[in-house]
Amino acid sequence: MFISLARIIKFSLQDIGRNIWLSLVTIVILVLTLFSVNMLLAVRAISSTAVSTIKQKIDMSIYLKPDAPAERISFLQAKIAEIPYVGEVRFVSKEEALANFTKNYQRDAKISEALRELGGVNPLSPSLVVKPKNLNDFNALIQSLQQTKDPIIEAGDFDNHKEIIDKIDAITKKVSDAGLIVSLLFVVVTLLVIYNTARVAIYTHRNEIAIMRLVGASNWFIRGPFLLSSLIYTLIGMVLLVSIFYVFLNLLQPYLETFFASYNFNIINYFSSNFVLIFGAEFVVAALVNLLAAWWAVGRYTKV
Amino acid sequence: MIKFIHVSKIYPANVQALDDVSFFIKAGEFVSLVGQSGSGKTTLVKLLIGEERATKGQIMIGDWDITKLSQSQAPYLRRQAAVIFQDYKLLTKKTLLENVEFALQVCGQPMKKIKSIAPQVMKIVGLEAKMHRYPSEVSGGEKQRTAIARALVYQPKILLADEPTGNLDSINAKEIIDLLLKINSFGTTVLLVTHNREIVNQLKRRVITLHDGRLVSDQAVGKYMI
């Protein structure tokens, strides 16, 4: 048993060494394919963070009548806060609204001029600024706010937000769907490439396999070196993949830091915190595909 | 030893290779199986080493019904019923000795035993002086002797020789037949598949003749009839 295992390992290593170019091509193809899959994962993580960032910047304002009494406003604020999708309700007074407006448009000469022409009259209304508890609950929150009726409410700017959120969701869905299709395509390509690589490898060994059968080698002994070679290819491929991919992430991170300036998003941390899940799953799947491909190819070409 | 009981083999597309073949070969016999190309000789060998399955009938080796052979049992059968072919089937990148050692390696024999048995078998077939040469450096007869040595390492009960002299001149062919007779004298059952009239007639041993997949003659001391 131990001798057979040792010889399977020996024959497998010999096979990898004697067919070094074929082995290298197999590993490079594996690395490229899995690199593409990880690229998709990175794009998905970045786009998901980007969408969250945009959504977090969106809040909804309920504009109130300028003469609304303070107790009515407090009552409405409390009523809105009770909606399950609401994370925060903040009252913005007329004065605060004007201060924010002036600050935001201080470089716009026309708006500054228009404000001066009003002669100190504040044209803005007080408002309640509502933020959702969960970014995915935007649409439900908008629906709830639309159903909230109170005489002190002057207007709400929900519809505009709904449109933006729907567009973001639609784009996110399209990106996600496209990612899924591309991922599936990669999986199919990987399967075909690995299967063909195994077939070529076995074709080059057909005489040896025939002789092994002829002299009474067991099926496991014939299959063993090919299965082990597949595992070794996968293992080397994964080590190379992780090394190259982390170099890539380190190059990418400074650009992302600039893009998500006020957000604590780190793509390296994302992959590191999901290391076992991502790379572990990729290793298991790639190894299984490799093993099955080798198993089928040996079975087909040697009739063992 | 070998028992064929109403054996038929039909390949896909309804090609009948063997048709109701029955015979019995005793342990230690030397039997020539003759017939023209396409008469079913090679199919019969393939059935004996578990390479093909009989469509009908039963094939027994000793008490072993090999018509019910499982995939996992096939390697054990091939160690008991060794086979040599016209094209030798040697690994060209290994020396003659390494070819013989390879047969022991793939079956899990310890290296100490391999290093002891392989040179001994090479000596039996008369190749001790050339065992470190590569197949490309020796004659056809020497390649075939290496194939025989490889077949002998497990001391098989049966040696199936499928056209072993097909690629050889008459002198080398005679040497191979002499070697097969020597192996037979040690008690190994030999089934020689050939269409070489001269060899069969000189052997003066049992001859089974196949024609179009049917057994047409079985003579205790036979001659090549077709």
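This text walks through chain B of a predicted model, from its overall make-up to its contact with chain A.

Chain B contains seven helices and 10 strands. Of its 226 residues, 44% are buried. Contacts can be sorted by how far apart the two partners lie in the sequence. Among the contacts in chain B with a separation of 6 or more, 68% link residues 24 or more positions apart.

A good place to start is the open sheet of six strands. Its strands follow the order 6-7-8-3-9-10 in chain B, and the pairing is mixed. Strand 6 (81-85) and strand 10 (214-219) of chain B form the edges, each pairing on one side only. From one strand to the next, the twist averages 20°. Within this sheet, strand 3 (residues 30-34) and strand 8 (residues 189-194) of chain B run parallel and are joined by five bridges. Opposite F30(B) stands V190(B), a residue of strand 8 of chain B. Helix 6 (residues 170-185) of chain B packs on the sheet, where it touches strand 3, strand 7 (158-162) and strand 8 of chain B. The direction of helix 6 makes about 155° with that of strand 8 of chain B.

Next comes the interior. The largest nonpolar core has 83 residues, and the members that touch the most others are L33(B), V83(B), V100(B), M122(B), L160(B) and L191(B). M122(B) can serve as an example. Not counting residues up to four places away in sequence, M122(B) touches L96(B), L97(B), V100(B), L127(B), E128(B), M131(B) and A149(B).

Another residue to look at is L18(B), which lies in strand 2 (residues 15-25) of chain B. Why does L18(B) count as buried? The cut-off is 20 or more other C-beta atoms within 10 Å, and L18(B) is buried because it has 26. Leaving aside neighbours within four places in sequence, its contacts are V7(B), S8(B), K9(B), G40(B), T43(B), L44(B) and G213(B). The C-alpha atom of L18(B) is also 6.1 Å from that of R214(B), although the two residues are 196 residues apart along the chain.

The last stop is the contact between the chains, which takes 17 residues from chain B and 15 residues from chain A. On the chain B side, helix 2 (74-80) and helix 3 (96-105) are the elements that give two or more residues. Helix 2 of chain B provides the largest share, four residues. By type, the residues on this side of chain B divide into nine nonpolar, four polar and four charged.

Technical notes
Residues numbered from 1 in each chain as written. Chains lettered and ligands numbered in written order. Predicted model: local features only at pLDDT ≥ 70, side-chain atom pairs only at ≥ 80, totals over all residues. Buried ≥ 20, exposed ≤ 12 C-beta atoms within 10 Å, placed from the backbone. Contact = placed C-beta atoms within 7 Å. Core = buried A, V, L, I, M, F, W, Y, C linked by C-beta atoms within 7 Å. Nonpolar A, V, L, I, M, F, W, Y, C, P; charged D, E, K, R; others polar. Pairing = 2+ DSSP bridges. Axes fitted to C-alpha atoms, helices over the stretch in contact; angles between N-to-C directions.
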